[in-house]
Amino acid sequence: MERSLEKMVDTTLAEMGKNLNEAMKMLEDNQSRKAEEDNEKKYTRKDIPGPLQGSGQDMVSILQLVQNLMHGDEEEESQQSYRLQNVGEQGHMALLGHSLAAYISVLDRERLRKLTTRILSDTTLWLCRLFRFENGSAYFHEDDREGLSKVCRLVIHSRYEEYAAEGFNVLYGKQPMIYISSAAREGLGQSLCNQLGLPLSCMCRVPCNTMFGSQHQMDVAFLDRLIKEDTETGKLPILLVANAGTPGAGHTDKLGRLKELCEQYSMWLHVEGVNLATLALGYVSSSVLAATKCDSMTLTLGPWLGLPAVPAVTLYRHEDPSLSLAAGLASCQAAEKLRALPLWLSLQYLGHDGIVERIKHASQLSQRLLENLKNQDFIKTSVEDEFSSPVVVFRFSPELPHLDKLLSAGQGPMITGNERYVCDTFNQWLGEQLAQLVPASGVDVVELEDEGTCVRFSPLMTSAVLGTEVQDIDQLVDCLKMKVPVLTCTLQLRDEFEQEVKRMAGLSYVDDLSWPGLGVVRYEGQNKGQQEEKEVEKITGGLLRKLNELESDLSFSLGPEFGGEKNCIYIGMVMEDLDVSELVETIAATGREIEENSRLLENMTEIVRKGIQEAQVQLQKANEERLLEEGLLRQIPVVGSVLNWFSPFHASPKGRTFDLTAGSLESTEPTYVSKVQGTGVTPPPTPTSARAKQRFPGQKLFKRSLRGSDGYSETSSVSHTDDLGRGEPQLGPSSASPGNPEVPERGAPPTEEAAEDSTGEMVQTLGNTGTKSEGQENLR
């Protein structure tokens with residue numbers, strides 16, 4: 001391309017094309033070295049406006065600033081970066097058109113007139129032939145709603161002959177009426193009234209079919225009655241806006257019947273929608289082909305062909321050029337005519353075959369997805385034509401006993417209550433997961449009035465920009481096959497989880513229908529309703545940390561950032577082998593352990609103070625008893641030593657063991673006896689729950705055995721905290737480890753390690769070695 005630029009006679013055009021290529025290479029190069037990025041971040045103040053530099057900056061610095069503003073300090077979302085990488089050369093042509101428009105605008109008046117006329121006439125001719133709109137004119141506009149407002153002005157000028165002279169005064173006698181479908185774009189009617197300066201009473205929304213035909217198509221019979229009523233009351237029907245591909249489900253209105261109705265009442269028929277793109281194909285469905293007989297249509301070629309910054313086009317037919325000029329559809333300004341320049345360049349670059357191939361490729365993608373969805377269980381599709389539907393809408397539909405009958409009978413609107421709300425929540429999660437796992441597919445979530453929340457695949461609006469290929473559709477289907485069993489199992493286990501939580505003491509079930517997962521549980525504790533909010537929040541946070549540390553496939557969280565319940569544990573999606581009862585028992589046992597430890601920490605200061613005071617009293621009493629046993633002579637320094645040498649006095653040391661967990665003092669005599677004998681009493685094993693199961697290496701928690709399964713799946717999982725809360729409350733970890741010995745059961749002689757280590761299980765030993773000073777030292 002650079003060699004052909006060098007051969008140009010106009011050096012300015014060659015330089016412009018060269019600079020554009022260099023600029024796009026710089027902006028699309030996202031793989032800069034990390035060191036350079038870190039250095040740039042130190043001096044970038046992208047969020048704070050700075051002063052204009054007096055000396056100016058070169059183009060490279062300015063483009064570098066633009067790149068930093070586009071990508072930011074953090075990593076950009078994958079979908080946005082993917083869009084930038086797929087601009088392509090056809091996108092460069094569209095961007096070059098904006099640069100050329102600025103350059104062409106400085107030409108002399110005569111050259112500018114000839115050039116703009118040629119660009120406008122060429123583009124209009126190509127589009128009219130490409131989309132089968134004979135003898136049409138074109139209006140290019142940035143806002144895709146602007147073309148409709150200009151057409152409506154044209155209709156008002158045509159139906160009200162004195163409108164140009166008297167303005168809105170002529171509208172008082174006969175109020176104009178505009179009819180749009182209830183399935184049209186949200187806010188379209190209000191936007192149209194605002195641009196035209198008309199009251200909202202001039203806008204009439206026509207409901208869709210409720211008994212026969214598609215529930216997304218305009219009800220023609222009801223529209224006929226509305227027009228008759230308005231005519232009888234002195235109003236003037238002037239315009240009908242129909243859809244060739246509704247924004248939600250992509251269905252096409254009955255354009256043939258609507259055209260006949262418009263001719264009967266002398267109304268203007270305007271059509272818009274994504275299905276108009278299929279007019280460029282060799283085979284077009286009869287419902288969409290009827291759009292070629294309408295009075296005007298709006299085309300959005302940018303997303304259809306993957307062209308950035310190209311205007312939308314409204315094709316219309318009208319015989320009076322003066323009225324078109326008065327309505328703003330035609331202009332003498334060169335700048336407005338140059339709006340078609342980016343599209344003029346891009347259409348020439350793609351050619352007729354390239355345009356048709358892109359639209360055909362998008363249609364083939366939708367057909368491939370639709371064929372795969374037909375064989376997918378629990379997935380229901382909502383398409384207008386199974387053989388040629390460029391938009392595919394599907395949703396997860398569980399086969400509940402009473403719900404599936406209503407769905408199969410086509411009585412979706414009758415489904416109310418929790419089941420419908422839960423299904424919408426699960427479909428919202430499914431759409432978000434598919435969009436995250438396969439960003440190149442371009443799927444999104446859409447809310448439909450009858451079906452509820454659905455997943456939509458509209459490749460005509462996304463495939464050219466995202467570069468969607470057949471393998472992306474296959475990957476999307478594979479991800480859907482993995483997610484459907486998860487949704488089904490989670491939905492089936494929600495009721496069981498609710499019943500198990502309600503049966504478990506200390507837990508309460510929170511009915512949050514907007515949560516896509518197993519359910520929501522709150523730990524109430526042993527003193528329900530008597531704990532402060534801070535204490536409950538602390539226990540919930542500790543419980544969440546404990547649960548996330550478990551070796552399980554479940555996800556635990558505090559719920560959504562906004563709108564969630566406070567101090568609750570939200571459990572995500574699950575599989576069919578989940579042992580719900582074991583999960584609930586684990587949550588309850590872990591919560592009790594955290595609550596007891598929390599209560600122990602709060603009372604530890606008072607317990608230690610009272611224990612030390614009691615130990616001091618007992619040690620002092622023990623010293624007095626020892627003095628009486630030894631006698632007075634043994635207390636004399638010299639005499640006592642001689643007497644002890646001739647007649648040694650054997651007295652067992654009587655220390656005290658202080659158990660912080662129980663808050664009690666016990667004698668250390670069994671400890672010293674076991675030390676002399678060299679044997680100790682083995683502490684009893686930690687009690688385990690009756691539900692404790694053998695768990696093999698690598699096996700996750702909360703897994704129950706399935707019939708007919710192989711390997712270790714035939715065995716059950718081991719509960720993480722079934723053995724917690726069964727014995728004495730413990731502050732530290734319950735398992736024995738080096739530096740963390742087990743605590744003997746109360747009343748049993750402790751081992752040597754348990755007596756000597758005062759930190760492993762927080763047991764303090766206060767010994768008496770024979771003198772009062774030594775006893776006080778041990779006390780300290």
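In this predicted model, V445 stands opposite V455, a residue of strand β11. That facing pair belongs to a longer match between two strands, since β10 and β11, the latter covering residues 452-457, pair in the antiparallel sense over five bridges. Another of the paired positions involves L448, whose bridge partner in β11 is G452. The connection between the two strands is a hairpin, in which three residues join β10 to β11.

From this hairpin one can step out to the sheet that contains it. Four strands make up an open sheet in the order β8-β9-β11-β10, and their pairing is antiparallel. The edges are occupied by β8 (379-381) and β10 (444-448), and because each of these has a single partner strand, one side of each is left without a neighbour in the sheet. From one strand to the next, the twist averages 40°. Helix α19, which spans residues 418-437, packs on the sheet and touches β9 (392-396), β10 and β11, while its direction makes about 25° with that of β11. As a general point on such elements, side chains in a regular strand alternate between the two faces of the sheet.

Elsewhere in the chain, attention turns to the surface. Which residues form a nonpolar patch there? The patch is formed by I62, V66 and M70, which together have about 210 Å² of accessible area. Of these residues, V66 is found in helix α4, which runs over residues 59-71. V66 has a relative accessible area of 32% and is therefore classed as partly exposed, given that this class lies between the cut-offs of 20% for buried and 50% for exposed residues.

A further residue to consider is L558, which lies in the loop between β14 (556-557) and β15 (569-571). Is L558 buried, partly exposed or exposed? Its relative accessibility is 46%, so L558 counts as partly exposed. Leaving aside residues up to four places away in sequence, L558 touches T540, L544, E565, C568, I569 and Y570. I569 and Y570 fall within the residue range of β15, the strand that follows the loop. The separation between the C-alpha atoms of L558 and I571 is 8.8 Å, although the two residues are 13 residues apart along the chain.

Definitions and conventions:
Residues numbered from 1 in each chain as written. Predicted model: local features only at pLDDT ≥ 70, side-chain atom pairs only at ≥ 80, totals over all residues. Heavy atoms only, no water. Pairing = 2+ DSSP bridges. Axes fitted to C-alpha atoms, helices over the stretch in contact; angles between N-to-C directions. Contact = heavy atoms within 4.5 Å. Patch = residues over 30% accessible without salt bridge, like charges linked within 9 Å, V, L, I, M, F, W, Y side chains within 5 Å. Areas by Shrake-Rupley, 256 points an atom, 1.4 Å probe, with all protein chains shown as cover. Salt bridge = Lys/Arg side-chain N within 4 Å of Asp/Glu carboxyl O. Buried < 20%, exposed > 50% of the residue type's maximum accessible area, 1.4 Å probe, protein only.
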